[in-house]
Amino acid sequence: MTADVWLPIPPDEIDGLPEGPDYRFWNGEEDFPADPADCAFYVVPYMKPSPLCVRPMGRMSNVRVVQTLSAGIDHVEPGLGHLPAGVRLCNARGVHEASTGELTLALILASLRGIPDFVRAQDRGEWLGGFRPALADKNVLIVGYGSIGEAIEDRLVPFEVAQVARVARSERTTARGPVHPLTELPALLPEADVVILSTPLNETTRGLAGADFLSRMKDGALLVNVARGPVVDTKALLAELETGRITAALDVTDPEPPAREHPLWRAPGVLISPHVGGPTSAFLPRAKRLLVDQLNRYVNREPLRNVILTTGASTD
């Protein structure tokens, strides 16, 4: 198999790549490393803007696999219509669970225990004591119970939460308990002290946390978004934050990043991290393992992992 494989990581830095393909390094530079028409396996640059990621896709007339290094695929969706039929789109399930799970717990604990206030007080040389909410004994609701949602629950367990409720697109049962369908979300929201969003961004979840969703959250609840910014209606969230009724911890925002003068920066009760759920020291070794496994499967004509969709396939 001699068709090109485009990698956003230099191939000589990845041990275990199978022989056969011609590996081309491209991480979003202006010049392509070769003719996109010769690319059979396209690994999308990580944490790059959507227009850059899809730029070569319209010319990839012979591509067979598009592999993202993110859990979400929304940044490559605009280019899918330009691909030939039969292209498999795969995501990076297994790469970001550890990092995103860690950040989710960090955001929850920092928000509840008032860490941002302590940092500001330290800058002023002020000793800021007092009682703060604990995560222990809280009811937690995870909206989007895929592999990242499961990893978040793994990390919640040692903190003695009262209970964890789980919501996904479809109802199912897990070893830890039931997963409720999205239709049951309105009844679950009023019971949750912490609501975590870890859903993919699609037409079902865009604007999911809108005015109705937010109004059902209990007084004093914390909203944590580690999914995508547009899952939350920013205008509706700002309206709730201004009342002081709920608080929020956001790793993603809409718009992203907010303009310097955007009111989200100054809204009361909000903690913002700059979309850093995935990019940590844990990313690169897991990304390399995924690529080695996928490319060995591809070369040996074995089933690929994490296939989200196939272009041209019926959605019925």
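This is a short tour of the protein on your screen, from the whole chain down to one strand.

The model is predicted: local features need pLDDT of at least 70, side-chain atom pairs count only at pLDDT 80 or more, and totals for chains, interfaces and linings use all residues. Residues are numbered from 1 along each chain as its sequence is written, and side-chain values use heavy atoms, leaving out hydrogens and water.

**Whole protein.** Switch to cartoon view and you will find nine helices and 14 strands; helices (H or I, at least four residues) and strands (E, at least two) are DSSP runs, numbered from the N terminus. The radius of gyration is 21 Å, close to the 20 Å from the globule rule for 316 residues, so the protein is as compact as a globular protein of that length. Here the radius is taken over C-alpha atoms, and the rule is 2.2 Å times the number of residues to the power 0.38. Turn the C-alpha trace along its principal axes: the spans are about 65 × 45 × 35 Å.

**Strand E1.** Next, select residues 4–7, which form strand E1. In a regular strand the side chains alternate between the two faces of the sheet. In E1, Asp4 and Trp6 lie on one side, Val5 and Leu7 on the other, and all are buried (under 20% relative accessible area, 1.4 Å probe, protein chains only).

**Its neighbours.** Add residues 22–25, strand E2, which pairs with E1 in the parallel sense over four bridges; pairing needs at least two bridges found by DSSP. Look for Asp4 opposite Asp22. Finally, add E3, residues 39–43, parallel to E1 over three bridges, where Phe41 is the bridge partner of Val5.

Terms used:
Buried means under 20% relative accessible area, exposed over 50%, partly exposed in between (1.4 Å probe, protein chains only).
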